[in-house]
Amino acid sequence: MEFHNGKTVTAKDVLATMRRHSDRKSQSGALGIMRGIADMKANGDKFIITTQTPNINLPYLMSTAQLIIQPNGGIDNPAAGIGTDAYRVVGGKPGVRYQFERFANYWDNSRGHFDKVEMLVINDGSARIAALQSGQSTSSIRSFPKLLDFLSIREARTDKERYRACALRFCDAVRYGTL
């Protein structure tokens with residue numbers, strides 16, 4: 001596996017990342033997950049964890065966004081955006097928009113189907129719905145079901161608008177368990 005900067009991912013990178021998030025001074029959002037770990041070590045190409053008590057959720061918890069593996073644990077520059085995902089960060093303004101492009105050396109060719117992706121940050125739920133209605137946005141994360149009622153399928157003027165309204169209602173119904 002390769003980082004976006006071309007460096008090969010090692011068990012030492014994983015260990016350094018986990019140690020950084022285990023440090024109380026780091027103010028990491030993953031500190032709570034790390035508290036259940038008694039010991040960590042890198043042994044060749046293996047990263048080994050010993051937990052204080054059995055934890056069936058550990059693989060899920062270790063995949064949280066706060067524990068993105070970075071070169072040297074991200075100690076040098078945690079905000080550099082160097083990771084191993086299908087897309088690498090190429091620009092953006094925090095809290096406003098983020099731009100990504102497909103990482104050519106990504107290990108899984110079943111992911112990363114778009115050449116470029118741009119994510120707009122729209123914190124207000126009503127503004128997200130307005131962006132969807134106007135066509136400024138083609139999808140939304142965390143659009144609350146009550147706000148989606150404003151996207152009336154009957155008021156949609158085109159097939160594209162009807163499809164968008166149906167798809168959004170279905171996705172959020174699945175997400176919130178109201179389907």
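The following paragraphs describe the fold, surface and nonpolar cores of a predicted model.

Residues are numbered from 1 along each chain as its sequence is written, and side-chain values use heavy atoms, with hydrogens and water left out. Because the model is predicted, local features need pLDDT of at least 70 and side-chain atom pairs count only at pLDDT 80 or more, whereas totals for chains, interfaces and linings use all residues.

The chain contains 6 helices and 5 strands, taken as DSSP runs numbered from the N terminus (helices: H or I, at least four residues; strands: E, at least two). Along the sequence, these elements are arranged in the pattern α-α-β-β-α-β-β-β-α-α-α. Of the contacts (heavy atoms within 4.5 Å) between residues at least 6 apart in sequence, 41% join residues at least 24 apart.

Of the 179 residues in the chain, 28% are buried, that is, under 20% relative accessible area with a 1.4 Å probe, protein chains only. The exposed area of the chain is about 12,400 Å², of which carbon and sulfur atoms supply 53%, as computed by the Shrake-Rupley method with a 1.4 Å probe.

The largest nonpolar core (buried Ala, Val, Leu, Ile, Met, Phe, Trp, Tyr and Cys residues joined through side-chain atoms within 4.5 Å) has 12 residues, including Phe 3, Leu 15, Ile 37, Met 40 and Leu 58. Helix H1 (11-22), strand S1 (37-43) and helix H3 (58-62) each supply at least two residues of this core, and the largest share, 3 residues, comes from H1. Beyond its neighbours within four places in sequence, Leu 15 is in contact with Met 40, Lys 41, Ala 42 and Phe 47. A second, separate core of 5 residues includes Ala 86, Phe 100, Phe 103 and Tyr 106.

Definitions and conventions:
Buried < 20%, exposed > 50% of the residue type's maximum accessible area, 1.4 Å probe, protein only.
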